[in-house]
There are 2 protein chains.
Amino acid sequence: MASVRRELQTERGTLEEIERAIMQISWLAQRQFMQLLDDERFRLTLPQFYTLIHLQHVGEECKMSDLADATHQSAASLTGVVDRLVEKQLIERSRHKHDRRQVMVCITARGIALISEIRHARREQMQMALGQLSEDEVDTFQLILDQVLAGMQRVTEYGENRRLA
Amino acid sequence: MASVRRELQTERGTLEEIERAIMQISWLAQRQFMQLLDDERFRLTLPQFYTLIHLQHVGEECKMSDLADATHQSAASLTGVVDRLVEKQLIERSRHKHDRRQVMVCITARGIALISEIRHARREQMQMALGQLSEDEVDTFQLILDQVLAGMQRVTEYGENRRLA
DNA sequence: TGATATACTCAATACTGTTGAATATCTACA
DNA sequence: TGTAGATATTCAACAGTATTGAGTATATCA
C-alpha cells in the first residue's frame with residue numbers, strides 16, 4: 001500500500017494511466033456485452049444478466065435484499081428486474097417458510113441453460129480480446145485482477161460504512 | 001494468439017477466471033463510478049461523463065456521428081445525452097461552417113473544470129482499489145491492460161465489420 | 001431540376017435508476 | 001394479549017437512456 005502511495009506522490013502518471021484504462025475497459029466491456037445480450041437468443045439486459053448469474057453462482061434460493069446487495073442494485077430496482085426474469089421463466093419467486101416477509105428467488109433449469117449459452121457466446125469475444133497475451137502474461141494478469149477486484153470491493157464496503165456515519 | 005488458444009483447449013480454467021474477473025470489475029467499476037457521479041457536485045450519468053471526457057480528450061469540436069462512434073452510443077441516444085450536457089452548459093452545439101447538415105459539439109471551460117474535479121474525487125477510490133499492489137505489479141498491470149484494451153477494441157471493430165456483411 | 005445520399009432529430013416504447021410512501025409481517029415489551 | 005416499532009418488500013412517480021423507424025434538412029450528382 002505504502003509503495004503505491006509514494007509513487008502517487010512522486011510520479012502520478014502510472015496510476016492515472018491505469019485509472020483511464022480500467023474506465024475504458026469497463027465501459028467497452030459493458031457495451032460489447034450489452035450488444036451480445038441483446039441477441040435474439042438471449043434478450044437480456046445487463047442488470048438482468050448479473051442478477052441471473054449471481055443466482056446461478058450461489059446455487060440455491062436467495063433473499064431479495066441479499067441479491068440486491070450482491071448485485072449492487074437497490075431493492076426497488078431489483079423488484080422490476082426480478083419481475084422480468086420471472087416473466088421469462090428464468091427464475092422463480094417464493095416466500096420464506098418461516099418469515100413470510102422475505103421473498104426468496106431461485107434460478108430455474110431454463111435460466112441455467114441460458115447462462116451456459118451466453119458464456120459460450122462470450123468466449124469468442126474474450127479470446128479475441130486476450131489473444132495478444134502470452135501464457136505468462138495471462139497468468140500474471142489473472143493474479144493482479146483478483147487483487148484489484150478485492151481492492152474494489154473494499155472501496156464499496158468503505159463507501160457503505162461512510163454513508164452510515 | 002496461438003498460445004492462448006492452445007491453453008484454452010488444454011486448460012480452460014484461467015481464461016474463464018479472467019473473463020469472470022473482468023466482468024465483475026467492469027460491473028463494479030461502473031456501479032461505483034455511477035454513485036460518485038451522482039454526487040450533488042457533479043450530477044452526471046455515465047453516458048454523459050464518457051461523452052464529456054471524449055470531448056475533453058479530442059480538445060476541439062467534434063461531429064455528432066464521430067462522437068457517437070467514439071463513445072459507442074447510437075446517434076439517437078447521443079442526441080438526448082448532448083441535450084442534457086448543453087443544458088448544464090458543459091458543452092456547446094454549433095453547425096459546421098460548410099456542411100450545414102453536420103452538428104458540431106465542443107466542451108466548454110465549465111465542462112473542463114468539472115472533469116478535473118471528478119478525476120480528483122475518483123483518485124481516492126483508485127488508490128484504495130490498487131493499494132495492495134506492489135510497484136512492479138502496478139507497472140505490469142498497466143502494460144497488460146493496454147494490450148487488453150487494444151484487444152477489446154479489435155472485438156468492437158470485428159463486430160462492426162461482421163454486422164455489415 | 002430532380003433523385004439519392006447523408007446527418008441528425010423526433011416519437012414511441014422498454015428498461016433501469018432514484019426517492020419516498022405504502023403494505024405486510026415479525027418482534028419485543030408493557 | 002395487544003400494540004409500538006423494526007424489517008422486508010413493493011409501488012408510484014419521475015428522469016435518463018437504449019432501440020427502432022420515420023421525418024427533416026442539406027448536400028451531391030446526373
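Colleague: Which residues have the most contacts inside the largest nonpolar core?

Modeller: This is a predicted model, and its largest nonpolar core has 38 residues. At least two residues of this core are supplied by each of H2, helix H6 (109-130) and helix H7 (135-164) of chain A, and likewise by each of helix H2 (13-37), helix H6 (109-130) and helix H7 (135-164) of chain B. The residues with the most contacts inside the core are Phe141(A), Val148(A), Phe141(B) and Val148(B).

Colleague: Which residues does Phe141(B) touch, not counting residues up to four places away in sequence?

Modeller: Phe141(B) is among the residues with the most contacts inside the largest nonpolar core. Leaving out residues up to four places away in sequence, Phe141(B) touches Leu130(B) and Leu133(B) in chain B, and in chain A Ile18(A), Ile22(A), Phe141(A), Ile144(A), Leu145(A) and Val148(A).

Colleague: How far is a phosphate oxygen of DNA strand D from an N or O atom in the side chain of Arg31(A)?

Modeller: Of the atoms of DNA strand D within 4 Å of the protein, 80% belong to sugar or phosphate, while the rest belong to bases. Arg31(A) is listed with Ser65(A), Thr79(A), Thr45(B) and Arg84(B) as coming nearest among the 25 residues around the strand. For the side chain of Arg31(A), the distance from an N or O atom to a phosphate oxygen of strand D is 2.6 Å.

Colleague: Which element gives the largest share of the surface near DNA strand D?

Modeller: By class, this surface has 8 nonpolar, 9 polar and 8 charged residues. The largest share of the surface near DNA strand D, 4 residues, comes from H5(B).

Technical notes:
Residues numbered from 1 in each chain as written. Chains lettered and ligands numbered in written order. Predicted model: local features only at pLDDT ≥ 70, side-chain atom pairs only at ≥ 80, totals over all residues. Heavy atoms only, no water. Near = heavy atom within 4 Å. Polar contact = N/O pair within 3.5 Å; in protein donor to acceptor, adjacent residues only side chain to side chain. Nonpolar A, V, L, I, M, F, W, Y, C, P; charged D, E, K, R; others polar. Core = buried A, V, L, I, M, F, W, Y, C linked by side-chain atoms within 4.5 Å. Buried < 20%, exposed > 50% of the residue type's maximum accessible area, 1.4 Å probe, protein only. Contact = heavy atoms within 4.5 Å.
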